[in-house]
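Open the model in your viewer and keep the sequence panel beside it. Each stop below says what to select and then what is there.

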Amino acid sequence: MARPGSGLLVPVNGLGYPPQNLARVVVWEWMNEHGRWRPYSAVVCHHIENVLKGDARGTVVLGQVDAQLTAYIIDLQSMHQFRQDTGTMRPAQRNFYEPSSAPGKGVVWEWENDSGSWTPYDMEICVTIQNAYEKQHPWLDLTSLGFSYLIDFNSMCQTNRQSQRKRRLRRRMDLAYPLIMGSIPKSQSWPVGANSGQPCSCQQCILVNSTRAASNAILASQRRKHYGGTTGNTGATGTLTAVRQSNTFAGTSLWSPTSASSGPNNNNISMGGGHAKAEQVLLPLSSANFPCSPVMPTLSSAHGHHALTINGQNNLNRPGTQRISMSTARGAVPPGVPALPVKNLTGTGPVHPALAGMTGILMCAAGLPVCLTRAPKPILHPPPINKSDMKPVPGINGMRRKTKKKHLRRGKNPEDVVRRYTEKIKVVPDEDCTICMERLVMASGYEGILQHKGIKPELVGKLGKCGHMYHLLCLVAMYNNGNKDGSLQCPTCKTIYGEKTGTQPPGKMEYHVIPHCLPGYPDSKSIRIVYDIPAGIQTNEHPSPGKKFSARGFPRHCYLPDNDKGRKVLKLLIMAWDRRLIFTIGTSSTTGESETVVWNEIHHKTEFGSNLTGHGYPDHKYLDNVLTELSAQGVGEDNLKD
């Protein structure tokens with residue numbers, strides 16, 4: 001049905017902030033790698049608000065209400081989301097909307113992604129779409145919000161103005177977001193008393209609660225070391241009158257927000273009635289904009305002198321239009337402030353990211369200065385290359401391979417395959433069949449379950465190369481449960497009989513030489529391999545036939561040195577590609593997404609100019625290791641033609 005009225009050009013950001021004495025809806029959001037604020041679900045927001053009521057400076061364990069967020073916690077004092085297994089920290093915020101807006105009604109607008117699943121819009125956009133929908137506008141232009149999309153409510157689709165690509169969108173009802181009454185309180189007016197409720201006994205809460213004792217122990221140690229047995233002089237520069245025990249996770253702020261005092265040639269700041277040198281004050285994380293305490297210092301320069309000012313609020317209750325924008329400049333680490341260089345995932349630094357992140361939280365909780373240095377970014381790609389500079393790899397014909405449907409054919413008789421690679425045993429030894437775990441002198445455990453003409457349950461065969469023995473019926477059952485490609489693999493020693501193939505979806509593989517060298521190979525150019533597999537529909541050989549699968553991160557670029565061994569590896573990789581062994585469909589070990597294209601136990605180097613993730617150079621063992629992995633898949637050097 002056509003929608004009356006004219007279309008809508010969005011003039012503002014769509015966020016509604018009612019008068020301070022009215023009800024409002026609370027939406028908690030986190031910032032992704034693109035700088036966009038992504039909303040948590042309504043269930044998660046209700047959980048955060050419940051924790052906030054009891055402990056306004058505590059920690060929220062998100063896995064208690066959403067299993068997909070098991071690795072994440074939110075530190076309410078620093079307003080950051082922390083991933084416990086990797087140490088990744090992202091800013092979080094608490095935003096407010098009108099009760100009549102989309103989150104107040106439980107309305108969620110979503111668009112269909114490449115894998116066929118639905119992704120919710122940013123809350124700001126969701127509110128704007130719902131407003132236009134309720135006013136019965138036939139279309140909505142999101143250009144003024146920074147998105148080149150046109151929403152058509154009649155066809156319920158989203159159109160990219162530049163590429164003209166269309167995606168479906170939908171409107172669904174969900175749980176309404178939490179509602180609060182009264183004015184938006186300032187940070188200091190939140191309840192800061194310790195939570196008197198019974199602690200949760202789950203492993204995550206035990207870990208989080210243990211940090212409270214650790215932070216208090218650290219502070220007590222520092223107090224005994226620096227201030228034990230002395231009385232602070234409230235008028236003396238460089239001393240504090242008292243150091244309170246840290247209750248960061250129990251809800252009490254350690255620092256007292258006051259204005260900074262600046263004098264000639266000094267950088268002192270008033271705290272708790274005394275003065276402390278600016279070098280001892282916590283600085284923001286360099287270049288990452290991560291405040292580690294409720295106070296957020298900023299450096300300003302005037303007439304050659306530096307004054308350190310502190311904003312007493314911790315961003316907990318700031319609407320979207322009132323958020324503090326932190327400086328993006330890399331802050332200098334003052335003398336005496338310990339720097340924790342965050343270790344890259346492969347071990348190029350001394351501190352693991354998860355440990356560094358937790359250490360930063362603990363030291364901030366204890367009032368200790370710390371600066372987490374940011375790990376360098378990996379160099380994934382070489383400098384720009386012209387097409388004319390891409391040359392064929394010497395000794396290899398062509399520059400491209402494709403996997404087509406003709407490569408996907410199956411249909412070999414299981415009985416014939418088993419007989420081809422085994423020989424019958426007349427004198428059967430008294431030992432177990434490692435497939436059915438029955439004695440070889442007894443009938444196969446698949447008797448009565450599986451029947452094949454010419455193969456009796458008591459027949460035993462020996463594999464030709466390795467000599468391991470099994471019931472022939474057990475080998476037939478193993479073959480039927482596999483890829484049915486005419487090959488067998490010994491379940492004991494993994495010896496492959498025949499040509500093993502995989503379940504890799506259709507795609508293309510390109511390879512060429514580029515005029516740049518890899519770290520560790522200064523005298524060689526580089527071979528670049530480009531894999532490209534589109535999303536599609538799973539077939540009978542895949543985990544969920546008929547269901548869509550996603551293909552994230554394609555095209556994927558991989559690199560080899562252009563030397564004799566690198567070319568040998570490339571030839572074998574091409575053979576593995578033709579046998580559909582490079583990729584498979586499964587669950588991603590990095591994102592946890594299921595029904596997606598993943599690597600299939602043959603490692604590739606995807607970093608061109610660094611080795612920060614373990615997938616780059618220099619790595620002088622890589623070529624030998626990948627040759628071993630290829631051999632384990634039945635793609636060995638003996639397969640190469642002279």
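The tour begins with the whole chain and then moves through selected parts.

**Stop 1: the whole chain**

Show the chain as a cartoon. This is a predicted model. Nine helices and 33 strands make up its list of helices and strands. The chain has 642 residues, and 44% of them count as buried. Switch to a surface view: about 32200 Å² is exposed, and carbon and sulfur atoms supply 52% of that area. For contacts between residues at least 6 apart in sequence, 65% join residues at least 24 apart.

**Stop 2: strands β4, β5 and β6**

Select residues 72-75, which are strand β5. Turn on the side chains. Which residues point one way from this strand, and which the other way? Tyr-72 and Ile-74 point to one side, while Ile-73 and Asp-75 point to the other, and all of them are buried.

Now add residues 59-61, strand β4, which runs antiparallel to β5 and is joined to it by three bridges. Val-60 is the residue opposite Ile-74. Next add residues 80-83, strand β6; it is also antiparallel to β5, with four bridges between the two. Here Asp-75 faces His-80 across the pair.

Follow the backbone from β5 to β6. The two strands form a hairpin with four residues between them. Click on Met-79 in the turn: its phi is positive, at about 55°.

Strands of a sheet are held in pairs by hydrogen bonds of the backbone, in a parallel or an antiparallel arrangement.

**Stop 3: a network of charged side chains**

Select Glu-110, Arg-170, Arg-172 and Asp-174, which are linked in a network of salt bridges. Oppositely charged side chains can pair when their charged atoms come close.

Look at Glu-110 and Arg-170. Their side chains form a salt bridge, with N to O at 2.7 Å. Arg-170 belongs to strand β13 (residues 166-173) and Glu-110 to strand β8 (residues 107-112), so this pair ties together parts that are 60 residues apart in sequence.

Then look at Glu-110 and Arg-172. Their closest N and O atoms are 2.9 Å apart, and this is also a salt bridge. Arg-172 is in β13 and Glu-110 in β8, so the pair ties together parts 62 residues apart in sequence.

Is Glu-110 buried or exposed? Glu-110 is buried, at a relative accessible area of 3%, because buried means under 20%. Arg-170 is partly exposed at 31%, and Arg-172 is partly exposed at 28%.

In the chain as a whole, the count of salt bridges is 28.

**Stop 4: a nonpolar patch**

Select Val-43, Val-65 and Leu-175 and show the surface. These residues form a nonpolar patch with about 220 Å² of accessible area together. Leu-175 is in the loop between β13 and β14 (179-180). Leu-175 counts as partly exposed, with 42% relative accessibility.

**Stop 5: a four-stranded sheet**

Move on to the open sheet of four strands with the order β21-β27-β28-β31, where the pairing is antiparallel. Which strands are at the edges? They are β21 (400-403) and β31 (556-561), each of which pairs on one side only. On average, neighbouring strands in this sheet are turned by 20° against each other, direction ignored.

Zoom in on β21 and on β27 (residues 507-514). Four bridges join this antiparallel pair. Within it, Arg-401 is opposite Met-509 of β27.

**Stop 6: helices α8 and α9**

Keep the sheet visible and add residues 564-578, helix α8. Which strands does this helix lie across? Helix α8 lies across β21, β27, β28 (526-532) and β31, and runs at about 170° to β27.

To finish, select Lys-565 and Asp-624. They form a salt bridge whose closest N and O atoms are 2.7 Å apart. Lys-565 is part of helix α8 and Asp-624 part of helix α9 (residues 622-632), so the pair ties together parts that are 59 residues apart in sequence. Asp-624 is partly exposed, with 38% relative accessibility. Lys-565 is partly exposed too, with a relative accessible area of 33%.

Definitions and conventions:
Residues numbered from 1 in each chain as written. Predicted model: local features only at pLDDT ≥ 70, side-chain atom pairs only at ≥ 80, totals over all residues. Heavy atoms only, no water. Pairing = 2+ DSSP bridges. Axes fitted to C-alpha atoms, helices over the stretch in contact; angles between N-to-C directions. Contact = heavy atoms within 4.5 Å. Buried < 20%, exposed > 50% of the residue type's maximum accessible area, 1.4 Å probe, protein only. Areas by Shrake-Rupley, 256 points an atom, 1.4 Å probe, with all protein chains shown as cover. Salt bridge = Lys/Arg side-chain N within 4 Å of Asp/Glu carboxyl O. Patch = residues over 30% accessible without salt bridge, like charges linked within 9 Å, V, L, I, M, F, W, Y side chains within 5 Å.
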